[in-house]
Amino acid sequence: MKTDNHRLFFRKYLSFSWHDTLITLLIMSVTTVFCLYLRIFHGGDSYMSGFYILSVFLIARSTSGYLYSVFSSFLSVILVNYLFTYPYFSFNFTLPGYPLMIMCMLIVAVITGMMTSQLMKQNDLRIKAEKEKTRGNLLRAVSHDLRTPLTSILGASSTLMENDASLDPAERRLLLAGIKDDAQWLIRMVENLLSVTRIDGTSSTRITKTEEPAEEVIDESLQKFHKRFPDTEVQVSIPDELIMIPMDPLLIEQVIINLLENAALHAGSAVHIHIKLESQQDFALFTVSDDGRGIDPRILPHIFESGIHTIDAERSDQRRNMGIGLSVCDTIIRAHGGQMHAANADEGGAVFTFTLPIEEAHV
């Protein structure tokens, strides 16, 4: 047990990192060059220790654990003694107050390291709490949306089995069409949930991106959309130039399909759906709009929260949940480094936009 605790302590507070090493060397180098510049051109060495105390604070705040902050404390004391204490470029450990300066820098390093570790711990707890909240909201919404179509499928199939002889062909086709419709909705729900699991795992929220032509992703999305809505017209506006975007193409297809299906299912009197692609500096802008009845103003501020329902006057069973689909869409776009917005057009109808970075961000 003691060995495990020692390993945990070493891994948490004294572990080596190339990233933290580079940060430490960069901050110390900038501080040293800046102090040398001040001494050469402005004279005076009395305030140099203050700059190094600030650099120790920045290193402790920017790195993990205590290793680099403590190391920078000792290095700062040595540099101040060697470069900025008379006689220059030689060590003098007999200076009055020298031990106090070492102790001061160590205290700054340790306290700042503790504060940083505590902040990181609180941030991890906050992220875990948000994930649990999202998971709980998703499960509650899914439980409702799965129960209703399953109940409809069970009822229709039972009617077919128990009253097959008394049903005329039109009634039989109507029941079978309802079963097919509900089965397709369940498939879409499963696809949405699979999309969530791809970007909201317990170990990492990173996604694998490849350079993809945005036009091909839109075309693939339209083909899949028209398999379910063959009679729905979609107008497409695409620029002449080829737009390559780093993305997970299957996830972005899922976003576009969800937006198109929401327009087809919820737009009411809509007769046209329009999808538009534009290039705006470092981002690609996707717009999916319709000329229907728009979004209820009461729902609009919460449109991307899971579990938001809209009530269709013609289909009052509420099984057409646009909340889960849009919540998934928003999560996917944010995981790609973009943003998603919803609004009502001045001339009527709903407008959904989302952006994707054209250039991959390197951290």
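Here is a quick look at one chain, from its overall make-up down to two residues and a surface patch.

The model is predicted, so it pays to keep that in mind while reading on. Across the chain there are 9 helices and 7 strands. Of the 363 residues, 40% are buried. As for how the chain meets itself, take the contacts with a separation of 6 or more: 71% of them are between residues 24 or more positions apart. The accessible surface adds up to about 21,200 Å², and carbon and sulfur atoms hold 61% of that.

Now for the surface patch. Phe34, Tyr37, Ile40 and Phe41 together form a nonpolar patch of about 460 Å². One of these residues, Phe34, sits in helix α2, which covers residues 18–42.

Then there's Asp330, which lies in helix α9, spanning residues 322–335. Setting aside neighbours within four places in sequence, Asp330 touches Phe304 and Met340.

Here are the two residues side by side:

| Residue | Helix | Relative accessible area | Class |
|---|---|---|---|
| Phe34 | α2 (residues 18–42) | 40% | partly exposed |
| Asp330 | α9 (residues 322–335) | 13% | buried |

Why does Asp330 count as buried? Its relative accessible area is 13%, and the cut-off for buried is under 20%, so Asp330 falls in that class. Phe34, at 40%, lies between that cut-off and the 50% above which a residue is exposed, so Phe34 is called partly exposed.

Notes:
Residues numbered from 1 in each chain as written. Predicted model: local features only at pLDDT ≥ 70, side-chain atom pairs only at ≥ 80, totals over all residues. Heavy atoms only, no water. Helix = DSSP H or I, 4+ residues; strand = E, 2+ residues; numbered from the N terminus. Buried < 20%, exposed > 50% of the residue type's maximum accessible area, 1.4 Å probe, protein only. Contact = heavy atoms within 4.5 Å. Patch = residues over 30% accessible without salt bridge, like charges linked within 9 Å, V, L, I, M, F, W, Y side chains within 5 Å. Areas by Shrake-Rupley, 256 points an atom, 1.4 Å probe, with all protein chains shown as cover. Salt bridge = Lys/Arg side-chain N within 4 Å of Asp/Glu carboxyl O.
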